[in-house]
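Me: I would like a close look at one part of this protein, the nonpolar interior. Please start there and work outward to whatever surrounds it.

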Amino acid sequence: MALAELSRREGKEEGALALLQEAQAIGPYPLAEEALGFPDLFALAEERGLALFRARKAPEKPKVVLRESPPGLLVGRREVLLEGSGKAFALLALLLKEGPLPWREAALRLWGEDGPGVRERLHMTASRARDLLADREAVRWEGEVLRLDPERKWEAR
């Protein structure tokens, strides 16, 4: 694949396509592993009518269900232990109920204050919430605003 990409970059498109066809003859796996790494090479192949293996779209992130009483968190079909994660759970519940919030508003709702050190505490709480879900995108900081990952399905019960 790397040789095919180098050939393409050097303007040797026919050589690049020949190397791609050779890789395809081995089986779909080499192409599957490299398809997303060489988008221009695969675009050239498609443009020239070479039918190649298409990379599959990443699976959807599992749905998150937050249960208020008793507090509980399901990620897909997995129950997540909440012991010691009260504020992280509260942040998830707050953002699910209220939608995106400026960080100061979130801090006031969680701790009743927005003074010195609270932004750092909120960063730590958001990080713990991400850890609960095993997803670094679960709680996003967008400038001064906190929001839940819009690509994930969320539900409150």
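How many residues does the largest nonpolar core have, and which of them have the most contacts inside it?

Reply: Keep in mind that this is a predicted model. The largest nonpolar core has 30 residues. Those with the most contacts inside it are L73, L92, L122 and V139. Several elements feed this core. Strands β1, β2, β5 (139–142) and β6 (145–148) each supply at least two residues. So much is also true of helices α5, α6 (103–111) and α7 (118–133), each with at least two.

Take L92 as a way in. Setting aside residues up to four places away in sequence, L92 touches L66, L73, A129, L133, V139, L148 and W154. Two of these partners, L73 and V139, are also on the list of residues with the most contacts inside the core.

Now the strands. β1 covers residues 64–67 and β2 covers residues 72–75. They pair in the antiparallel sense, over 4 bridges. V65 stands opposite L74 of β2. A hairpin of 4 residues joins β1 to β2. β1 has another partner in β7, residues 154–156. Here the sense is parallel, with 3 bridges. L66 has A156 as its bridge partner in β7.

L66 and A156 turn up again at a pocket. Both help line the second largest pocket. The other lining residues are E68, F89, A90, A93, L94, L96 and K97. The space in this pocket is about 170 Å³. Helix α5, residues 86–98, gives the largest share of the lining, with 6 residues. By class, the lining has 7 nonpolar and 2 charged residues, and no polar ones. How does one find such space in a model? Rolling a probe the size of a water molecule over the atoms shows where empty space is left.

Just past this region comes R157, in the segment after β7. R157 counts as exposed because its relative accessibility is 55%, and the cut-off for exposed is over 50%. Beyond its neighbours within four places in sequence, R157 is in contact with V65, L66, R67 and E68. R157 and L73 are 84 residues apart in sequence, yet their C-alpha atoms are 10.0 Å apart in space.

There is another core, apart from the one with 30 residues. This other core has 13 residues, among them A4, A16, L41 and F42. A16 leads on to S7, a residue of helix α1, residues 2–9. Leaving out neighbours within four places in sequence, S7 is in contact with K12, E13, G15, A16 and L19. S7 counts as buried because its relative accessibility is 13%, and buried means under 20%.

E13 has a further partner. R48 touches E13, E14 and L17, with residues up to four places away in sequence left out. R48 is found in the loop between α4 (39–47) and β1. With a relative accessibility of 38%, R48 counts as partly exposed, so it falls between the cut-offs of 20% and 50%. R48 also gives a sense of distance across the model. From R48 to E144 is 96 residues in sequence and 47 Å in space, C-alpha to C-alpha.

Methods. Residues are numbered from 1 along each chain as its sequence is written. This is a predicted model: local features need pLDDT of at least 70, side-chain atom pairs count only at pLDDT 80 or more; totals for chains, interfaces and linings use all residues. Side-chain values use heavy atoms; hydrogens and water are left out. On a 1 Å grid over the protein atoms alone, a cavity is a set of points where a 1.4 Å probe fits but cannot get out, and a pocket is an open set with protein on both sides within 12 Å along at least five of seven lines; lining residues have an atom within 4 Å of a point. Grid points are joined across faces, edges and corners, and a volume is the space filled by probe spheres set on the points. Ala, Val, Leu, Ile, Met, Phe, Trp, Tyr, Cys and Pro count as nonpolar, Asp, Glu, Lys and Arg as charged, and the others, Gly among them, as polar. Two strands pair if DSSP finds at least two bridges between them. Buried means under 20% relative accessible area, exposed over 50%, partly exposed in between (1.4 Å probe, protein chains only). Contact means heavy atoms within 4.5 Å. A nonpolar core is a set of buried Ala, Val, Leu, Ile, Met, Phe, Trp, Tyr and Cys residues joined through side-chain atoms within 4.5 Å.
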